[in-house]
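Open the model in your viewer and keep the sequence panel beside it. Each stop below says what to select and what is there.

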Amino acid sequence: MVTSETSTTEHHPALVHHFDDMEQQKEASTFGMWVFLLTEIMMFGGLFAAYLIYRLKFYPAFVAGSTSISVSWGFANTLVLLGSSFTMAMAVWAAQNRSRKQQVMWLIFTMILGAAFLGVKAKEYYDKYEECHIPGSFIGKPFNATGGPGCEKGNIAEEMQERARKTNEEIEREGKAKGWDEKKIADKKVAVPSDAYAVQTAKRTEIFFSFYFAMTGLHAFHMVIGLGLLSWLTLRASRGEFDGQYFTPMELGGLYWHFVDIVWIFLFPLLYLISRHSGAH
Amino acid sequence: MAEHTQEQAHPTPRLYLVIISILILLTIATWRIAFVDLGIFNPVVALTIAVIKAVLVILYFMHVRYSSQLTKVTVGAGFFWLLILITLSLLDYISRNW
């Protein structure tokens with residue numbers, strides 16, 4: 001392959017001397033970024049694997065813990081983050097094809113959505129604080145999922161029994177409407193957890209919340225770094241540094257942002273959806 | 001390969017709109033399905049939808065579909081490694097009581 005002879009005076013200002021051309025320079029940067037993202041997959045992957053293994057070991061506690069967190073906020077945040085991935089993709093596109101004003105505009109949209117995500121996360125964390133669902137006793141109130149003083153809102157033991165009773169009432173009502181006999185109704189009913197079992201399971205949700213905070217916390221930390229990167233990109237875009245020939249920082253910032261989005265795409269079902277008590281809102 | 005110019009190398013805003021629409025629909029679907037009792041299939045459906053969403057983001061938003069073979073192999077290797085980590089670890093834990 002013969003590369004076009006570019007004299008040092010006329011090549012693109014962003015091309016550094018150890019690369020043949022812009023294409024090769026971009027390829028090297030993209031490869032390097034992906035290698036970094038693979039190390040990120042290894043870090044989050046370890047957490048995912050540990051989460052799934054502990055879920056097998058403490059299944060009822062993971063169901064109880066997962067059911068107690070707000071799926072509506074998790075759903076809303078998923079939409080916000082997906083939206084920010086769209087605006088980020090548009091920012092990368094604008095870096096190649098549009099004015100610096102449009103580049104900055106898409107980057108600011110992305111930052112607003114990223115900040116909104118963190119705001120919702122902060123609200124969810126505050127709820128956990130109020131419910132005494134922060135593991136350990138070093139941050140906030142000591143963990144208590146069995147309705148201790150000041151922790152009445154987060155009584156998971158009672159919620160478990162309450163949910164079983166409600167399910168049984170519904171079965172009773174449905175059975176009467178459909179004219180089932182007493183035996184069929186009794187067979188369909190679920191067992192209401194005993195006090196001892198409910199308290200034991202509620203105490204074990206502490207391991208679920210440890211994973212919840214470790215995983216969403218690491219993810220939120222990545223979001224904060226992402227917002228820093230976006231601010232830096234906004235500064236560079238506003239100086240008009242990016243064009244159709246050179247937009248590698250935007251491209252790689254985009255890769256990072258989308259990666260953080262992918263982590264959330266898996267966190268949402270793992271934490272909020274798959275272990276839920278079905279039917280519970 | 002050398003003819004691969006930067007203009008061709010990226011999708012259009014119209015395509016991005018299609019992708020984000022699909023992503024939003026899949027998110028709504030997975031959210032609604034979580035309230036339906038499918039037994040052991042609840043996690044299967046939720047994680048299948050998550051994988052589809054991740055693949056869409058990787059291929060289009062992250063431009064892997066339009067990238068070089070080197071990038072494709074790198075990305076593939078990363079997620080293949082993740083698959084090994086998760087499936088082999090879980091196979092061990094699931095089968096211990098068999």
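The tour starts with chain B and then moves to chain A. Bear in mind throughout that this is a predicted model.

**Stop 1: chain B as a whole**

Select chain B and colour it by secondary structure. Three helices and zero strands appear, in the order α-α-α along the sequence. The chain has 98 residues, and 38% of them are buried. Of the contacts in chain B with a separation of 6 or more, 60% are between residues 24 or more positions apart. Switch on the surface: chain B exposes about 5,800 Å², with carbon and sulfur atoms supplying 72% of that area.

**Stop 2: helix α1 of chain B**

Select residues 13-33 of chain B, which form helix α1. The helix has 21 residues, and the distance from its first C-alpha to its last is 30 Å, close to the 30 Å expected at 1.5 Å a residue.

Now show side chains. Which residues of α1(B) are buried? They are B:Y16, B:I19, B:I20, B:L23, B:L26, B:T27, B:T30 and B:W31. These residues lie on the same side of α1(B) because they cover an arc of only 135° around the axis. Turn to the other side of α1(B) to find B:R14 and B:L25, which are exposed.

What covers the buried residues of α1(B)? The cover includes two helices of chain A, α3 (71-97) and α8 (248-273). Helix α2 (41-61) of chain B is also part of the cover. Display these three helices together with α1(B) to see the arrangement.

While still in α1 of chain B, select B:L17. Its relative accessibility is 49%, so B:L17 counts as partly exposed. Add B:I52, 35 residues away along the chain; the C-alpha atoms of B:L17 and B:I52 are separated by 17 Å.

**Stop 3: a nonpolar patch**

Select B:V36, B:L38, B:I40, B:F41 and B:V44 and show them as a surface. They make a nonpolar surface patch of about 470 Å². Within this set, B:L38 sits in the loop between α1 and α2 of chain B. B:L38 has 33% relative accessibility and therefore counts as partly exposed.

**Stop 4: B:H63**

Move to the loop between α2 and α3 (69-95) of chain B and select B:H63. Its phi is positive, about 65°, although B:H63 is not a glycine. Most residues other than glycine have a negative phi. B:H63 has a relative accessible area of 3%, so it is buried.

**Stop 5: A:C132**

Go to chain A and select A:C132, in the loop between α4 and α5. Here too is a residue other than glycine with a positive phi, near 60°. Is A:C132 buried or exposed? With a relative accessible area of 1%, A:C132 is buried.

**Stop 6: salt bridges within helices of chain A**

Over all chains, the whole structure holds 12 salt bridges. Side chains of opposite charge can pair when their charged atoms come close.

Select A:K123 and A:D127. They form a salt bridge, with the closest N and O atoms 2.8 Å apart. Both residues belong to helix α4 (residues 100-130) of chain A, where they are four residues apart, about one turn of the helix. A:K123 is partly exposed, at a relative accessible area of 33%.

Next select A:E162 and A:R165, another salt bridge, whose closest N and O atoms are 3.2 Å apart. Because the two are three residues apart in helix α5 (residues 156-178) of chain A, about one helical turn separates A:E162 and A:R165. A:E162 is partly exposed, with a relative accessible area of 40%. A:R165 is partly exposed as well, at 37%.

**Stop 7: a salt bridge between a helix and a loop**

Finish by selecting A:E172 and A:K189, whose side chains meet in a salt bridge of 2.7 Å, N to O. This pair links distant parts of the chain, 17 residues apart. A:E172 is in helix α5 of chain A, while A:K189 is in the loop between α6 (182-188) and α7 (195-238). A:E172 is partly exposed, with a relative accessible area of 25%, and A:K189 is partly exposed at 33% relative accessibility. Add A:K176 to the selection: salt bridges with shared partners join A:E172, A:K176 and A:K189 into one network.

Notes
Residues are numbered from 1 along each chain as its sequence is written. Chains are lettered from A and ligands numbered from 1 in the order in which they are written. This is a predicted model: local features need pLDDT of at least 70, side-chain atom pairs count only at pLDDT 80 or more; totals for chains, interfaces and linings use all residues. Side-chain values use heavy atoms; hydrogens and water are left out. The expected span of a helix is 1.5 Å times one less than its number of residues. Buried means under 20% relative accessible area, exposed over 50%, partly exposed in between (1.4 Å probe, protein chains only). The arc is that of the directions from the helix axis to the C-beta atoms. Contact means heavy atoms within 4.5 Å. Patches are made of residues with over 30% relative accessible area and no salt bridge: like charges are joined within 9 Å, nonpolar side chains (Val, Leu, Ile, Met, Phe, Trp, Tyr) within 5 Å. Accessible areas come from the Shrake-Rupley method with a 1.4 Å probe; for residues, only the protein chains shown count as cover. A salt bridge is a side-chain nitrogen of Lys or Arg within 4 Å of a carboxyl oxygen of Asp or Glu.
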